[in-house]
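Student: Could we go through this structure together?
Tutor: Certainly; please look at the sequence and the model first.

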Amino acid sequence: MGQVDVDRAERLPGAEGRRTDDVLTPELPPHLRDVAAVILLEMRGPLAVGAIAEELGLPSASTTRLIDRLEKAGYVRRVRGERDRRTVTVELLEDGLGDYEATRDSARRHLDAVGARYAPEQIPVLLGLLSHIGHAYRAATQELRKSSS
């Protein structure tokens with residue numbers, strides 16, 4: 001795979017009014033990327049901006065705007081390193097997560113209903129499958145990034 005034709009990407013259906021790097025990373029709509037970032041921070045704790053970008057498979061510019069949106073909405077804050085001020089970590093703000101937690105609780109009820117359809121011994125297999133799918137998508141994203149740079 002060679003360089004991405006940015007002009008062509010900007011003319012893709014649905015690309016009108018969207019920034020180039022958002023068009024080139026269509027795996028998740030912007031609001032779902034925001035949710036994915038909050039879930040990632042909830043699961044792993046504070047993370048460097050680069051780690052968030054890598055985990056979500058986003059370019060750094062998209063990750064910066066994602067963090068800007070989450071910060072403006074009161075979900076996260078940026079924390080500069082004490083020793084090296086160039087180091088920036090993103091962490092969740094406990095006070096800003098009320099809407100997210102309500103949504104998460106609702107989703108958990110629905111997911112529990114899905115889980116009830118399976119025998120207890122099937123759950124580890126399904127979780128393993130989902131984990132392997134996540135790893136496969138991350139590996140594919142890294143592969144595509146390397147081949148296009």
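**The second largest pocket**

Tutor: With eight residues, α6 gives the most to the lining of the second largest pocket. Helices (H or I, at least four residues) and strands (E, at least two) are DSSP runs, numbered from the N terminus. A pocket, on a 1 Å grid over the protein atoms alone, is an open set of points where a 1.4 Å probe fits, with protein on both sides within 12 Å along at least five of seven lines, and lining residues have an atom within 4 Å of a point.

Student: Is this a predicted model, and how are residues numbered?
Tutor: It is a predicted model, in which local features need pLDDT of at least 70, side-chain atom pairs count only at pLDDT 80 or more, and totals for chains, interfaces and linings use all residues. Residues are numbered from 1 along each chain as its sequence is written, and side-chain values use heavy atoms, with hydrogens and water left out.

Student: Which residues lie nearest the centre of that pocket?
Tutor: They are V35, I39, Y100, R104 and A107, out of 19 lining residues.

Student: Which helices supply at least two residues each of that lining?
Tutor: α3, α5 and α6 (98–115) do.

Student: New topic: what does V76 touch?
Tutor: Leaving aside residues up to four places away in sequence, V76 touches L41, I67, L70, E71, V90, E91, L92 and L93. Contact means heavy atoms within 4.5 Å.

Student: And how many helices and strands are there?
Tutor: The chain has seven helices and three strands, in the order α-α-α-β-α-α-β-β-α-α from the N terminus.
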